[in-house]
Amino acid sequence: MKRLYLLLVVISSAILGDAQTSFSLSEAIEFGMESNRNIDLKEKDILIADEQIKEYKSIGMPKISGSVNYQYFFQLPAQPTEDFLTPTLYNILFDEDIIERRELGPPDVATIIFQRPHNLVGGVEASILAFDGSYLVGVRGAKLFKELVKKEVEATKQDIRGNITKAYMAVLIAEENYTMVQKNVTNTEKLLSETKILFTEGFAESLDVDRLSLSYNNLVTQVEKAGNSILIAKNLLKFQMGYPMDRNIELSEDLESIIKIMNTEMIDMEEPIKYTNRHEYGALEMGKELNKLDMERYQKKTLPSLRLFLNGQQGLYRSNLFRGSEAGLIPSAFGGFGLSVPIYDGGEKNSQVQQAKINIDKNEIQIQEYKHAIQMQVMNAKISMANTRKELQNINTALEITERIYEKTQIKFREGVGSSLEVSQAEANLFSMQTMYINALYDLISAKTELDIALGNL
């Protein structure tokens, strides 16, 4: 038992060791495509659509059914029947002059029973829909509906790719923010240590030490918050990817390289929009085709429909069901067809056709409106991309200047020609500019992601 336990531990460790924990953006998206539960749910809809196609096709397939029916008549039905035999015999006698012709009067009526109290009938019937125009259109509609479901699956995947991209970039930005704050802590800690030495030697005031200590403590708190922000961002990424929440995840992409590519990417404001890249647009087009088929289906309902059938059965008709001396099984078989010809339905089908036409017109309006919305979305995303890119460049330049000012202020303070107040002011300006830089990074990445979504490139 102990050996088996050790073997299981070794195997589990090997499996966990081989599990991927570091992801590029494309790998994270690929992982999400394979493990996201929303995709699984949508793909179940495709399976359901497959079965719905089979279900609808079965309407035109041969049908075979068997039946067994038993009836017991507590009161046997009787049929009143006129006595036609007696008048016939008398007429023959009259015609042969055997007896003298006379008036016979109205015939007697007798009650005759043809039914047996026990009736047991078993049979098999086969039938098939030979022709129905609306059925053929319905089969095409069922297949088109499956394609519509596929479009919805692709739209879901597109949303997931966008969500994973946003979450992935949010982690990179959180890590960049953590690096900046950590660098500030290191610089402030070094300056605080030097100031304490200067204070001990009488070259600095206690106020200088207190100011730097307060700044240092605030930065330590900011480092903790920044670290927690990374954890929160990673948890969101795990959720979007369908990645286990209890496992560690690392990112292999370099934010600086991504930003560099974004800053050099051409933005063509006149580039034609490929609407078919958006799966929602394809779904609208397919919805229009479904309504066209719906209209055709209603129109075909004005045609006759033909059904063929064949029936065979055997029955027992007895006074005593288990008396073998009575008549045995009596077979019967028949075949035929049923032709249904619509003549007048009160205008029902015409109303259905008109509704379908109106729905087609609505689809066309929705498609045009959606195209208009995509145009606006793409144009705004491109403008936002250009603006945020320019803003990031300006803030990056301002951040470099602010860092140089902060460094020079620190040098002046160490050399005794500057005050701790100047250091605090330069530090506050630096932190403010760093915050603006992080926000600008986020805005640029968001704008890029929204542009990719608008163009259907994700």
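Glutamate 154 and lysine 157 sit 3 residues apart in helix H5 (residues 133-200), so about one helical turn separates them. Helices here are DSSP runs of H or I with at least four residues, strands are runs of E with at least two, and both are numbered from the N terminus. The side chains of this pair meet in a salt bridge, at 3.8 Å from N to O. A salt bridge means a side-chain nitrogen of Lys or Arg within 4 Å of a carboxyl oxygen of Asp or Glu.

Some ground rules: this is a predicted model, where local features need pLDDT of at least 70, side-chain atom pairs count only at pLDDT 80 or more, and totals for chains, interfaces and linings use all residues. Residues are numbered from 1 along each chain as its sequence is written, and side-chain values use heavy atoms, with hydrogens and water left out.

**The chain as a whole**

- You'll find 10 helices and 8 strands in the protein chain.
- The C-alpha atoms fill a box of roughly 165 × 70 × 35 Å along the principal axes.
- The radius of gyration is 44 Å, while a compact globule of 458 residues would come in near 23 Å. That radius is taken over C-alpha atoms, and the globule rule is 2.2 Å times the number of residues to the power 0.38.
- Of the 458 residues, 32% are buried. Buried means under 20% relative accessible area, exposed means over 50%, and partly exposed is in between (1.4 Å probe, protein chains only).
- The accessible surface adds up to about 28,700 Å², and carbon and sulfur atoms account for 56% of that. Such areas come from the Shrake-Rupley method with a 1.4 Å probe, and for residues only the protein chains shown count as cover.
- Take the contacts between residues at least 6 apart in sequence: 85% of them join residues at least 24 apart. Contact means heavy atoms within 4.5 Å.

**Salt bridges**

- The whole structure holds 15 salt bridges.
- Back in H5, glutamate 154 is partly exposed at 28% relative accessible area, whereas lysine 157 is buried at 18%.
- Lysine 292 and glutamate 289 also pair up, at 3.7 Å from N to O. They are 3 residues apart in helix H8 (residues 279-300), so about one helical turn lies between them.
- Both ends of that pair are partly exposed: lysine 292 has 35% relative accessibility, and glutamate 289 has 34%.
- Arginine 297 bridges to aspartate 294, with the closest N and O atoms 2.7 Å apart. Arginine 297 is partly exposed at 22%, and so is aspartate 294 at 25%.
- This H8 pair, too, is 3 residues apart and separated by about one helical turn. Arg140, Glu296 and Lys300 are joined into one network by salt bridges that share partners.

**Helix H8**

- H8 has 22 residues and spans 31 Å from its first C-alpha to its last, close to the 32 Å expected at 1.5 Å a residue. The expected span is 1.5 Å times one less than the number of residues.
- Buried residues in H8 include His279, Tyr281, Met286, Leu293 and Tyr298.
- The buried residues of H8 pack against H5 and helix H9 (348-414).

**A nonpolar surface patch**

- Ile128, Leu308, Phe337, Leu339, Val341, Ile343 and Tyr344 make up a nonpolar patch on the surface, with about 810 Å² of accessible area together.
- Patch members need over 30% relative accessible area and no salt bridge; like charges are joined within 9 Å, and nonpolar side chains (Val, Leu, Ile, Met, Phe, Trp, Tyr) within 5 Å.
- Isoleucine 128 belongs to strand S5 (residues 118-131) and is partly exposed, with 31% relative accessibility.

**Two residues to look up**

- Glutamate 265 lies in the loop between helix H7 (255-264) and H8, and counts as partly exposed at 27%.
- Glutamate 265 is 121 residues from alanine 386 in sequence but 10.0 Å away in space, C-alpha to C-alpha.
- Leaving aside neighbours within four places in sequence, glutamate 265 is in contact with Met385, Arg389 and Lys448.
- Threonine 409 is in helix H9 and is buried, with a relative accessible area of 12%.
- Outside its neighbours within four places in sequence, threonine 409 is in contact with Glu422, Val423 and Ala426.
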